[in-house]
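This report describes selected features of a single protein chain. The sequence and the coordinates are shown first, and the description follows.

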Amino acid sequence: MEKEIISSIIREGQDYIPEIELYERPFEFEEHGNYVFVGVRQCGKSYMLYQRIQQLLRQGHDIRQMVYVNFDDERLKMMRAEELDLILQSYASMSDGKPFLFFDEIQNVEGWEHFARRLANQKYQVYITGSNAKMLGRDIATTLGGRYWTCNVYPFTFQEYLGSTGIALDPQWTFSPTLRSAVERAFNDYFHFGGFPEIRNIVAKRIWLNDIYNKIYFSDLVVRNKVRNENALRMTIRRLAESVRQPTAYNRISHLVKSTGIVCHPNTVMDFVGYLQDACLVFSLNNYASKFSDRETIKKHYFVDNGLLNIFLNNDETALLENQVAIHLRQHYDEQRLFYYNKNVEVDFYLPDNHTAIQVCYNLSDAKTYEREVGALVKLHAFEQLSKAIIITRDVEQTIQLPNGLLIEVIPVWKWLLRH
């Protein structure tokens, strides 16, 4: 690796990053903090680095202090951990002083965490991104030794999506027919094509999403995990998408894949799901009411973005609705606080710390559907004494007061997303 190449990469970043127009996400950086941002590809991790660089520039720092290196750059493809110090050497040949360091997709360099630890020990300010959840794992966290703040990054929330499109909401926006119509139109796109920051400016959204998925599939799944049976992996992902609303055992997914003529054992499915979680493509929820052994084998699996899920579905609005609710909840609650409930009663989401239960139902107009959704919350209330019960719909809004004292709020998904 030649220092001249790294110097060119540093200078390129200094030239173009100040000119990038971006929507600033509501994130408060610690003044002297070091950060590791992890999330699925294209979810906005690089923009978090750009946002911080532009903030530092507004505070009076010089662009020549900023060192941005993207390890997806083909010029750095063969870089090894022992060569990472060349970044500091290259900067020293260009400028004086101690730089701010921004490393994008650094997980491409095996052993990067030891370099990151040394930089923190030497009091550099370092900002790192990666698209593999193992970067937040125990081994790397031990190496970094508490020297970095670790943060999950997701595609835009609906609130952020609106802000990025220039739609500003005041406290009385629901009383404005013009604003309400604009919000509902924006939500239709967000609901079907997801919240990737770049998607709002793309005309051929489905083609763009397929390109992102293929990049994740080959780079973050097949190549990184040395997958040999690509057909089994591809079919496992499809079957998970089709089962997104159901508690699913690895055995069941294995049988569904086998039904297509592809050999795939349950242990292989378990490995594949682990790869999907590491790539931040899928997250899983446990059953709050199940035994520990069942929690590890029967879970509900959701996709991190509705647009990515939608490329596998055929007009399944109900699956998209539940997946959208799951995404929003996961952005606010980790796996130790967010569950589903399935023991004598099925409830889509349960927050035991808040004694809150949430059902997702596209439409409540059918009497049997109404009885099923409301009845599930009534039964859970008898077991858990709920403080809050919610039914999230596509468009229906009402309040249901029951004789047992339980108040159920029925709310459209787009309004619920903006309330949290």
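In which helix is the place of Leu-119? Leu-119 belongs to helix α4, which spans residues 112-121. The model is a predicted one, and the description below should be read accordingly.

**Two buried residues**

Leu-119 has a relative accessibility of 0% and therefore counts as buried, a class that requires less than 20%. Apart from neighbours within four places in sequence, its contacts are Leu-88, Leu-101, Phe-103, Tyr-124, Val-126 and Tyr-148. Asn-34 is 85 residues away from Leu-119 along the chain, yet the C-alpha atoms of the two are separated by 9.8 Å.

Arg-394 is located in the loop that connects β12 and β13. Because its relative accessibility is 11%, Arg-394 also counts as buried. When residues up to four places away in sequence are not counted, Arg-394 touches Phe-187, Asn-188, Phe-191, Leu-321, Cys-361, Tyr-362, Pro-412, Val-413 and Trp-414.

**Nonpolar cores**

The largest nonpolar core comprises 128 residues, and those touching the most other members are Phe-71, Phe-103, Ile-128, Phe-158 and Phe-349. Helix α8 (residues 205-225) gives the most to this core, contributing eight residues. For Phe-71, the contacts beyond four places in sequence include Leu-76, Met-79, Leu-84, Ile-87 and Phe-103. Polar residues are also in contact with Phe-71, among them Asp-104, Glu-105 and Asn-108. A second core, separate from the largest one, has 19 residues, including Leu-377, Leu-380, Leu-386 and Ile-391.

**Helix α15**

Helix α15 runs over residues 367-384, 18 residues in total, and reaches 26 Å from its first C-alpha to its last, close to the 26 Å expected at 1.5 Å a residue. Its buried residues are Thr-369, Glu-373, Val-374, Ala-376, Leu-377, Leu-380 and His-381. Viewed down the axis of α15, these buried residues fall within an arc of 140 degrees, so they line one face of the helix. On the other side of α15, the exposed residues are Ala-367, Lys-368, Glu-371, Arg-372 and Ala-382. The cover over the buried residues includes the strands β9, β10, β11, β12, β13 and β14.

Which backbone nitrogen does a side-chain oxygen of Asp-366 reach at the start of α15? The oxygen comes to within 3.1 Å of the backbone nitrogen of Lys-368. Just after the helix, Gln-385 takes a positive phi of about 55 degrees.

**Strand pairing**

An open sheet is formed by three strands in the order β6-β8-β7, with antiparallel pairing. Its edge strands, β6 (248-249) and β7 (282-285), each pair on one side only. Elsewhere in the chain, β9 and β10 form a hairpin with three residues between the strands, where Asn-344 takes a positive phi near 70 degrees. The table sets out two of the strand pairs.

| Strand pair | Sense | Bridges | One bridge |
|---|---|---|---|
| β6 and β8 | antiparallel | two bridges | Ala-249 with Ile-298 |
| β9 and β10 | antiparallel | three bridges | Asn-342 with Glu-346 |

Strands β9 and β10 thus recur in the description: they pair with each other, and both take part in covering the buried residues of α15.

Note on methods. Residues are numbered from 1 along each chain as its sequence is written. This is a predicted model: local features need pLDDT of at least 70, side-chain atom pairs count only at pLDDT 80 or more; totals for chains, interfaces and linings use all residues. Side-chain values use heavy atoms; hydrogens and water are left out. Helices (H or I, at least four residues) and strands (E, at least two) are DSSP runs, numbered from the N terminus. The expected span of a helix is 1.5 Å times one less than its number of residues. Buried means under 20% relative accessible area, exposed over 50%, partly exposed in between (1.4 Å probe, protein chains only). The arc is that of the directions from the helix axis to the C-beta atoms. Contact means heavy atoms within 4.5 Å. A polar contact is a pair of N or O atoms within 3.5 Å; within protein, one must be able to donate a hydrogen and the other to accept it, and residues adjacent in sequence count only if both atoms are side-chain atoms. A nonpolar core is a set of buried Ala, Val, Leu, Ile, Met, Phe, Trp, Tyr and Cys residues joined through side-chain atoms within 4.5 Å. Two strands pair if DSSP finds at least two bridges between them.
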